[in-house]
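Q: I'm new to this one. Could you pick a single part, the stretch where the strands come together, and walk me through it closely?

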Amino acid sequence: MMAGPAALICDLCVDEAQVAEVGDCSFCSKSAPVFSSAEAQICRSCLDFSAAVISGAASPR
């Protein structure tokens, strides 16, 4: 799970998210095209960052 200031997103949602309508990102608060769920919205930049962190966390050191 990745935590933003107002929302959480799991690795499955990061993989499945499709950016569409413009809205306010629940992670960075920018107004941008976002993926919307019932409780939160996330922009492409935050999706990409979350994916990088999740893939890095899954990699052995």
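**A close look at the paired strands**

A: Let's start at Gly23, whose bridge partner in E4 is Ala32. Keep in mind that this is a predicted model. The Gly23 pairing belongs to a bigger picture: strand E3, covering residues 22-24, is joined to strand E4, covering residues 31-36, by three bridges, and the two run antiparallel. Together E3 and E4 make a hairpin, with six residues between them. Look in that turn for Ser29, which has a positive phi of about 70°.

Now follow E4 onward. E4 also pairs with E5, again in the antiparallel sense and over three bridges. Here Ser36 is the residue standing opposite Gln41 in E5. The link from E4 to E5 is a hairpin too, made through four residues. So much for the strands themselves; what sits in the loop?

Go back to the stretch between E3 and E4, and you'll find Cys25 in that loop. Is Cys25 buried or exposed? Its relative accessibility is just 3%, and because anything under 20% counts as buried, Cys25 is buried. Its company fits into the same tour: setting aside neighbours within four places in sequence, Cys25 touches Lys30, Val34, Gln41, Ile42, Cys43 and Cys46. Gln41, the residue opposite Ser36, is worth a second look here. Cys25 and Gln41 are 16 residues apart in sequence, yet their C-alpha atoms are 5.1 Å apart in space.

Strand E5 turns up once more when you look for empty space. The largest pocket has a volume of about 160 Å³. It is lined by 13 residues, and those closest to its centre are Leu8, Ile9, Cys13, Ser37 and Ala40. Two elements give two or more residues to that lining: strand E2 (8-9) and strand E5 (41-43). By class, the lining has ten nonpolar residues, two polar ones and one charged one.

To place this part in the whole, the protein has two helices and five strands, and along the sequence they follow the pattern β-β-α-β-β-β-α. Of the 61 residues in the protein, 30% are buried, and Cys25, at 3% relative accessibility, is one that counts as buried. As for the outside, the accessible surface comes to about 4200 Å², with 55% of it belonging to carbon and sulfur atoms.

Key: Residues are numbered from 1 along each chain as its sequence is written. This is a predicted model: local features need pLDDT of at least 70, side-chain atom pairs count only at pLDDT 80 or more; totals for chains, interfaces and linings use all residues. Side-chain values use heavy atoms; hydrogens and water are left out. On a 1 Å grid over the protein atoms alone, a cavity is a set of points where a 1.4 Å probe fits but cannot get out, and a pocket is an open set with protein on both sides within 12 Å along at least five of seven lines; lining residues have an atom within 4 Å of a point. Grid points are joined across faces, edges and corners, and a volume is the space filled by probe spheres set on the points. Ala, Val, Leu, Ile, Met, Phe, Trp, Tyr, Cys and Pro count as nonpolar, Asp, Glu, Lys and Arg as charged, and the others, Gly among them, as polar. Two strands pair if DSSP finds at least two bridges between them. Buried means under 20% relative accessible area, exposed over 50%, partly exposed in between (1.4 Å probe, protein chains only). Contact means heavy atoms within 4.5 Å. Accessible areas come from the Shrake-Rupley method with a 1.4 Å probe; for residues, only the protein chains shown count as cover.
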